[in-house]
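Subject: A structure for you to look at

Hello,

Here is the structure I promised to pass on, with my notes underneath. Please open it alongside the text and follow along.

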Amino acid sequence: MCERDRRRPAHRVRSRAPLRIGLAGGGTDVAPYCDTYGGIVLNATIDRYCYSTLEETQDGAIEFRAPDIEVTEPAAAGPKPAGPSPLTLHQTIYDRLTREFDLGRPGVRLTTVSDAPPGSGLGSSSALVVSVVEAFREFFALPLGEYDVARLAFEIERNDYGQAGGSQDQYAATFGGFNVMEFGPAGRVVVNPLRIKEATLRELEASIVLFHTGVSRKSAEIIERQTTYISTGSASQLAATHELKEEAIAMKEALLKGDLVQLAGVLDQGWRMKKKLAEGISTPRIEHCFDVALAAGALAGKVSGAGGGGYVLFLADPVRRPAVMRALGDLPFGALQPAHFVSEGAVAWSLR
């Protein structure tokens, strides 16, 4: 069945999927740990997005664009080129979706734009995949629910594309909001939205400082080290991962009670445990950021994502927050990033 047998596609569709801040439990969603022991992650989406635009081409050509990195490529015909390409992920998504839903090779132009660079620690690559899947869902009226979109995005990025990592990012981008996610064997995932009081959300938003270290990192390398330690039965790494899971539960309780002092303690303990998972999670530059922020009055902090670079999240009393921001802003590297929490997940809309 070709795509025109399904329905005539809209002339143009746009979608977006939010980026996320990892708050607790990150790393417990990575196999083999989650398959053996079960993982728990708490994360929240922010008002930074990956956007996708899918439009029909007049001549039937297939084209991929990423104007934020100034790259445009035609689709590969036949076997993929041996060398790396900035838009190999786009080609991989297109190939999987057209094959999965028997779409033939529709002539489309796929354009993506991200509010965060690769290696940010905000789940940008996963949000990009989710946004593209969501655009295809709208464009071709694909029968996909939220869990379907997230699972398909996970399979595309982790299996088809071969990017090592867990599955929290795809589910965060799809569902949006504050969620406690449970990861079990055979790919079982349960997303539990948290009903947090508005006053707690406002206080937390007034307390966070998001700072980019000025270094992008390759999360796959760190995750592969972590996976190796768990697979070989390393006692210290396994104990630290168990502790991270407990921290996710403790952070959920702190958020539901509105106790940000307890939350800061959980955040600090979680960061200490996370650094034990693998080499490279923290670096001298990251430690310097912590020294500066804590000296200026920050209560606690952690790297968002796998570590090694990207964004660092700090928590500070709102009265002390300006001093923390000034201190970090005076560093000769990096940049502060404003962020607000959002509850909406991936969405798509037709442009007639």
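**Strand 2 and its partners**

Let me start with one pair: Ala17 has Cys50, in strand 2, as its bridge partner. Please keep in mind throughout that this is a predicted model. The Ala17 pair belongs to the antiparallel pairing of strand 1 (residues 12-24) with strand 2, which runs over 12 bridges.

Cys50 is also bridged to Ser114 in strand 5. Strand 5 (residues 108-114) and strand 2 are antiparallel too, with 7 bridges between them. Strand 6 (residues 178-183) pairs with strand 2 in the antiparallel sense as well, over 6 bridges, and there Phe178 stands opposite Ala44.

How much of strand 2 is buried? Of the 18 residues in strand 2 (residues 39-56), 16 are buried.

**A closer look at Thr45**

Thr45 is a residue of strand 2. Its relative accessible area is 0%, so Thr45 counts as buried. Beyond its neighbours within four places in sequence, Thr45 is in contact with Pro18, Leu19 and Arg20, with Ala172, Gly176 and Gly177, and with His340, Phe341 and Val342. For a sense of scale, Ala240 is 195 residues from Thr45 along the chain, and their C-alpha atoms are 25 Å apart.

**Helix 3**

Helix 3 (residues 88-100) is worth a look next. From first C-alpha to last, its 13 residues reach 18 Å, close to the 18 Å expected at 1.5 Å a residue. Helix 3 is mostly covered, with 10 of the 13 residues buried; these form a run from Leu89, His90, Gln91, Thr92 and Ile93 to Tyr94, Asp95, Arg96, Leu97 and Thr98.

What do the buried residues of helix 3 pack against? They pack against strand 3 (63-66) and strand 5, and also against helix 4 (124-140) and helix 5 (146-160). After helix 3 comes Asp102, which has a positive phi, near 55°.

**Two domains and the cores**

The domain assignment splits the chain into domain 1 (12-195 + 343-351) and domain 2 (198-337). Their C-alpha centres are 24 Å apart. Across the boundary, 33 residues of domain 1 are in contact with 37 residues of domain 2. About 2,700 Å² is buried between the two domains, and carbon and sulfur atoms give 69% of that area.

The largest nonpolar core has 71 residues, of which Leu42, Phe136, Phe178, Met251 and Leu255 touch the most other members. Helix 4 gives the largest share of this core, 10 residues. Why does this core lie between domain 1 and domain 2? Both domains give residues to the core, so it lies between them.

Met251 is a good residue to click on here. Not counting residues up to four places away in sequence, Met251 touches Leu23, Ala24 and Leu42, along with Leu263, Val266 and Leu267. Apart from the largest core lies another, of 28 residues, including Val209, Leu244, Ala316 and Val324.

If you only have a few minutes, I would begin with Cys50, whose bridge partners include Ser114 in strand 5, and then turn to the core that lies between domain 1 and domain 2, since both give residues to it.

Best wishes

Key:
Residues are numbered from 1 along each chain as its sequence is written. This is a predicted model: local features need pLDDT of at least 70, side-chain atom pairs count only at pLDDT 80 or more; totals for chains, interfaces and linings use all residues. Side-chain values use heavy atoms; hydrogens and water are left out. Buried means under 20% relative accessible area, exposed over 50%, partly exposed in between (1.4 Å probe, protein chains only). Helices (H or I, at least four residues) and strands (E, at least two) are DSSP runs, numbered from the N terminus. Two strands pair if DSSP finds at least two bridges between them. The expected span of a helix is 1.5 Å times one less than its number of residues. Contact means heavy atoms within 4.5 Å. A nonpolar core is a set of buried Ala, Val, Leu, Ile, Met, Phe, Trp, Tyr and Cys residues joined through side-chain atoms within 4.5 Å. Domain bounds come from an automatic or database domain assignment. Buried area is the accessible area (1.4 Å probe) that two parts lose on being put together, summed over both.
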